[in-house]
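Here's a quick briefing to read with the model open beside you. It goes topic by topic, starting with strands and ending with rings.

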Amino acid sequence: MDPIDVVFGYHELTKHHPHRYARGPAYMDWATQPDPFRRFHGAPEAPLLLSEASADPPFDALCQLGALNPRPVVLETVSEFFQYALGLSAWKEYRGSRWALRINPSSGNLHPTEGYVALGSIPRLTTAPGVFHYAPKDHVLERRCEIAPDDWDDLIDGFPAGSFLVGLSSIHWREAWKYGERAYRYCQHDVGHAIAALALSAAVQGWRVQQLIEVSDENISAFLGLDRECDFADAEREHPDLLIAVMPIVDRRINDTPLGMSSASLGSVSRRQWHGVANCLSSDHVEWGLIDSVTDAGAKSAIKEQVCSRPAMKFSDPLETQRSPVPSRTIIQQRRSAVAMDGRTGITADQFYLMLDRTLPRYQLPPWRALGPPAHVNLGLFVHRVENVTPGLYFLVRSPDPLSKLRESMCSEFEWNKLSGCSASLPLYHLKPGDVRAVAGQVSCGQDIAADGAFSLGMIAEFEGPLKEHGAWMYRRLFWETGIIGQVLYLEAEAAGVRSTGIGCFLDDPVHELFGFKNRKYQSLYHFTVGAPIEDTRLTTLPPYPQKIHGRSGTAD
């Protein structure tokens with residue numbers, strides 16, 4: 001079967017309907033709940049340092065081009081980069097049970113995403129280049145293999161001095177244990193959240209990131225050691241997602257860094273000596289063949305064609321904000337998913353417009369450079385409690401699709417009035433006035449949290465066109481874009497003094513019917529809600545790393 005047809009079939013089969021949800025486990029088998037922490041037993045460890053959140057840089061500086069000077073790539077900055085990208089943010093405790101929260105959010109807090117890094121020699125961390133796995137529970141790097149210095153030089157040829165590579169992979173079983181066949185979607189959301197978390201943590205250091213879009217899944221798998229049968233003999237396999245270059249840019253005119261690297265340079269790493277054996281996460285498993293099928297169909301080969309076949313939308317400079325400076329590390333670490341909203345508290349129009357403005361894909365700024373153009377996702381908004389903004393349905397146009405094409409695909413009764421109170425550069429349109437709280441909750445699987453916030457939204461992606469143009473692997477990229485949008489909303493909500501939550505459970509086709517979409521041209525892929533949270537006072541919050549290890553260092557040699 002054609003891979004695109006497999007993806008289309010998977011997407012249809014995993015839709016939730018009012019009287020039939022996507023196929024999942026019949027009950028929660030707590031005895032087989034996956035371990036949230038992957039380790040490679042026998043791999044040499046390189047402990048990282050921990051730092052306290054400092055006042056600089058302010059959070060809003062991350063969205064200002066050239067506002068931050070790059071810091072050197074040393075033990076301290078690499079440690080901070082991982083701490084504020086993929087590290088733990090807190091522990092929660094209730095009646096003797098403890099579980100960790102992380103900087104990068106995850107559906108059900110199950111964390112299918114694993115992080116890897118390829119580093120050159122860094123004093124007090126590693127005396128030789130190598131590929132490492134990041135273990136967030138202990139904040140250490142596990143050396144998976146060495147890289148010869150000459151091979152490392154060939155690998156990063158064309159990148160600025162000090163650059164290194166970060167890889168992401170997914171363990172689909174972690175999500176499928178709870179969510180069944182729809183889990184593949186959630187894994188891709190989580191990759192998007194992690195991409196944004198990496199990009200923003202890099203921005204804190206004054207670095208920038210860029211996805212190596214041309215590298216195939218097969219080469220990523222070999223480079224990270226994910227294809228080594230002997231290292232995963234009794235353990236759940238990891239699917240390669242992407243490679244990202246992290247670059248300390250001194251000359252900001254540099255814009256021609258590679259989008260890929262040669263198979264030969266990547267292959268030279270796979271022939272090196274490898275260390276460590278992956279731990280088994282569950283004592284037993286349920287096989288979900290549909291996930292295996294869409295994983296195979298969505299694999300990416302090496303590509304050379306332009307992913308951006310259309311010019312990216314041009315947006316003006318980000319909206320200026322007068323809010324008091326809040327430290328970026330504080331915002332990043334305090335991010336939480338709200339479990340309920342109070343149903344009363346709203347936000348100001350300025351806060352609303354700023355949040356939406358930050359979701360616009362300005363590719364010179366983080367986190368959007370990490371994905372690259374084009375944007376394919378628009379936002380269908382349910383506005384409930386925004387001061388001086390009429391409640392009702394709204395639409396934020398983020399993709400380069402002409403407005404006329406969108407209007408033709410949507411309900412003919414929509415008004416499409418441009419809001420007069422917001423910036424002229426914000427492509428926000430009022431579709432229909434009215435109280436949409438009930439319908440927002442209904443299409444989000446009856447969850448009150450979608451109705452009880454200030455606003456909620458569905459992320460509406462151009463769907464059929466991008467897949468037919470670029471291949472089935474674009475299915476994953478569409479979800480990555482939604483995860484990046486979600487991470488921006490998470491942090492912007494924190495900066496506004498409220499909270500946000502991603503909603504993976506929604507009724508797909510009823511959402512499409514609400515906005516008037518009638519075919520596969522557009523599909524809703526992810527929902528979100530923003531508002532004032534109700535805190536669960538039964539839970540105790542503990543620090544992420546109770547024993548601070550400032551000044552500790554080590555090498556993985």
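Two strands count as paired if DSSP finds at least two bridges between them. With that in hand, alanine 46 has leucine 141 in E7 as its bridge partner. Keep in mind that this is a predicted model. The main topics are an open sheet of seven strands, a set of 33 salt bridges and a set of 25 aromatic pairs.

**The seven-stranded sheet**

- Reading across the open sheet, the strand order is E2-E7-E6-E5-E8-E10-E9, and the pairing is antiparallel.
- Strand E2 (45-47) and strand E9 (208-211) are the edge strands; each has a single partner strand, so one side of each has no neighbour in the sheet.
- On average, neighbouring strands of this sheet are turned by 30° against each other, direction ignored.
- E2 and E7 run antiparallel and are joined by three bridges.
- E7 and E6 also run antiparallel, with six bridges joining them; here alanine 135 is matched with valine 140 in E7.
- E6 and E7 make a hairpin with four residues between them, and histidine 139 in that turn has a positive phi of about 55°.
- Is E7 enclosed or open to the outside? Six of its seven residues are buried, so E7 is largely enclosed by the rest of the structure.
- On to E5 and E6: four bridges hold this antiparallel pair, and leucine 119 has glycine 130 in E6 as its bridge partner.

**A separate look at E3 and E4**

- Strand E3 (residues 88-94) pairs with strand E4 (residues 97-102) in the antiparallel sense, over six bridges.
- One of the matched positions is glutamate 93, whose bridge partner in E4 is arginine 98.
- The two strands form a hairpin with two residues between them, and arginine 95 in the turn has a positive phi of about 50°.

**Helix H7 and its surroundings**

- Helix H7 spans residues 263-270, and Ser265, Leu266, Gly267, Ser268 and Val269 in it are buried.
- What do the buried residues of H7 pack against? They pack against strands E6 (130-135), E7 (140-146) and E10 (239-247), along with helices H3 (149-155) and H6 (217-224).

**Salt bridges**

- A search of the whole structure turns up 33 salt bridges.
- Arginine 174 pairs with glutamate 114, the closest N and O atoms being 2.8 Å apart. Arginine 174 belongs to helix H4 (residues 172-179) and glutamate 114 to strand E5 (residues 113-119), so this pair ties together parts that are 60 residues apart in sequence. Both arginine 174 and glutamate 114 are buried.
- Arginine 185 forms a salt bridge with aspartate 508, with 3.0 Å between the closest N and O atoms. Since arginine 185 lies in helix H5 (residues 183-204) and aspartate 508 in helix H15 (residues 508-515), the pair ties together parts that are 323 residues apart in sequence.
- Arginine 185 is buried at a relative accessible area of 1%, and aspartate 508 is buried at 0%.
- Glutamate 12 and lysine 15 form another salt bridge, and their closest N and O atoms are 3.0 Å apart. Is each partner buried or partly exposed? Glutamate 12 is partly exposed, with a relative accessible area of 33%, whereas lysine 15 is buried at 2%.
- Salt bridges also link Arg39, Glu45, Asp138 and Glu142 into a network.

**Rings and charges over rings**

- The search of the whole structure finds 25 aromatic pairs.
- Among them, tyrosine 526 and phenylalanine 528 are edge-to-face, 5.5 Å centre to centre with 85° between the planes. Tyrosine 526 and phenylalanine 528 are both buried.
- Phe8, Tyr10, Tyr184, Phe463, Tyr475 and Phe479 are linked into a cluster by ring pairs.
- Phenylalanine 8 turns up again with a charge: the charged end of arginine 520 sits over its ring, 3.9 Å from the centre.
- Arginine 144 does likewise with phenylalanine 40, its charged end sitting over the ring at 4.2 Å from the centre.

Notes
Residues numbered from 1 in each chain as written. Predicted model: local features only at pLDDT ≥ 70, side-chain atom pairs only at ≥ 80, totals over all residues. Heavy atoms only, no water. Salt bridge = Lys/Arg side-chain N within 4 Å of Asp/Glu carboxyl O. Buried < 20%, exposed > 50% of the residue type's maximum accessible area, 1.4 Å probe, protein only. Contact = heavy atoms within 4.5 Å. Axes fitted to C-alpha atoms, helices over the stretch in contact; angles between N-to-C directions. Phe/Tyr/Trp six-rings, centres within 6.5 Å; stacked < 30°, edge-to-face > 60°. Lys NZ or Arg CZ within 6 Å of the ring centre and 35° of its normal.
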